[in-house]
Amino acid sequence: MRWESLFADLEAGLAAAAAQDLRDEVAELTRAERAQVRLADRLRASRGAPARFVLRDGQSVDGVVVDAAPQWVLLAPDAVRRALVPVGAVTAVVGLAPHAAPSAGEVERRLTLGHTLRALARDRVSVRVDADGVSVSGRLERVGADHVDVTPAHAQRGTPGWTFAFDALVVVRSG
């Protein structure tokens with residue numbers, strides 16, 4: 001009888017150790033997977049959800065996440081206005097989905113901030129551009145590889161416009 005108890009105890013100990021090894025491995029794989037998740041992936045998973053974005057200049061933008069790509073997120077503060085926020089300008093988000101969308105596909109990865117700004121320039125949308133230390137209302141005129149030219153609203157002919165480096169952009173608002 002003692003031998004049977006001894007073997008039962010050994011088997012139970014081995015089973016417990018195997019179960020713990022499995023839990024440890026699952027936890028390690030979960031940590032490794034989470035380490036690969038980018039903010040843009042969580043932003044894409046939050047489409048349709050309300051969120052508050054705190055930006056690097058201290059302002060916050062509240063709105064429903066309309067769309068997101070690796071370089072930008074589009075918010076709808078209300079039914080008319082839109083706010084285009086470069087992901088690099090985001091300091092913190094309240095209300096972000098706890099999970100991530102699958103990695104962006106080839107088309108989504110190619111939708112850069114430049115593509116989005118070119119669409120706004122093409123459509124002649126009136127915008128307010130907030131950049132590091134500067135806010136200008138007007139229209140986007142030319143969009144280069146890493147900068148955008150803005151003609152201020154009500155500018156006299158010949159008045160120079162503003163040129164903003166993409167890295168300096170905090171938010172571009174329309175409506």
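Reader: Which residues of helix 4 are buried?
Author: This is a predicted model. In helix 4, residues 113-122, the buried ones are Leu113, Gly114, Thr116, Leu117, Leu120 and Ala121.

Reader: Where do they sit around the axis?
Author: They cover an arc of only 160° around the axis, so they lie on the same side of helix 4.

Reader: Why would residues a few places apart point the same way?
Author: An α-helix has 3.6 residues a turn, so residues three or four places apart point the same way.

Reader: And what do the buried residues of helix 4 pack against?
Author: Five strands. They are strand 3 (72-76), strand 4 (82-86), strand 7 (134-143), strand 8 (147-152) and strand 10 (169-174).

Reader: What follows helix 4?
Author: Arg124 does. Its phi is positive, near 55°.

Reader: Let's zoom out. How many helices and strands does the chain have?
Author: The chain has four helices and 10 strands. From the N terminus on, the elements run α-α-β-β-β-β-β-α-α-β-β-β-β-β.

Reader: How much of the chain is buried?
Author: Of the 175 residues in the chain, 32% are buried. The accessible surface of the chain is about 10900 Å². Carbon and sulfur atoms hold 56% of that surface.

Reader: What about contacts between residues far along the chain?
Author: Take the contacts with a separation of 6 or more. Residues 24 or more positions apart account for 52% of them.

Reader: Now the sheet. What order do the strands take?
Author: The order is 5-1-2-3-4-10-6-7-8-9. It is an open sheet of 10 strands, with antiparallel pairing.

Reader: Which strands stand at the edges?
Author: Strand 5 (90-94) and strand 9 (162-165). Each has a single partner strand, so one side of each is left without a neighbour in the sheet. From one strand to the next, the twist averages 40°.

Reader: And how does helix 4 lie on that sheet?
Author: Helix 4 packs on the sheet, and its direction makes about 90° with that of strand 7.

Reader: Back to the edge. How many bridges join strand 1 to strand 5?
Author: Four bridges join strand 5 to strand 1, which is residues 50-55. The two run antiparallel. Arg52 has Val94 in strand 5 as its bridge partner.

Reader: And the other end, around strand 8. What joins strand 7 to strand 8?
Author: A hairpin, through three residues. Strand 7 and strand 8 run antiparallel, with four bridges between them. Gly138 stands opposite Pro152 in strand 8.

Reader: How many bridges join strand 8 to strand 9?
Author: Four, and these strands run antiparallel too. Asp149 stands opposite Thr163 in strand 9.

Reader: New topic. How many aromatic pairs are in the whole structure?
Author: A search of the whole structure finds one. Trp162 and Phe164 form the pair, and it is stacked. The centres are 6.1 Å apart, with 10° between the planes.

Reader: Trp162: buried, exposed or partly exposed?
Author: Trp162 counts as partly exposed, because its relative accessibility is 40%. That value falls between the 20% limit for buried and the 50% limit for exposed.

Reader: What about Phe164, buried or exposed?
Author: Phe164 is buried, because its relative accessible area is 4%. The cut-off for buried is under 20%.

Terms used
Residues numbered from 1 in each chain as written. Predicted model: local features only at pLDDT ≥ 70, side-chain atom pairs only at ≥ 80, totals over all residues. Heavy atoms only, no water. Buried < 20%, exposed > 50% of the residue type's maximum accessible area, 1.4 Å probe, protein only. Arc of directions from axis to C-beta. Contact = heavy atoms within 4.5 Å. Areas by Shrake-Rupley, 256 points an atom, 1.4 Å probe, with all protein chains shown as cover. Pairing = 2+ DSSP bridges. Axes fitted to C-alpha atoms, helices over the stretch in contact; angles between N-to-C directions. Phe/Tyr/Trp six-rings, centres within 6.5 Å; stacked < 30°, edge-to-face > 60°.
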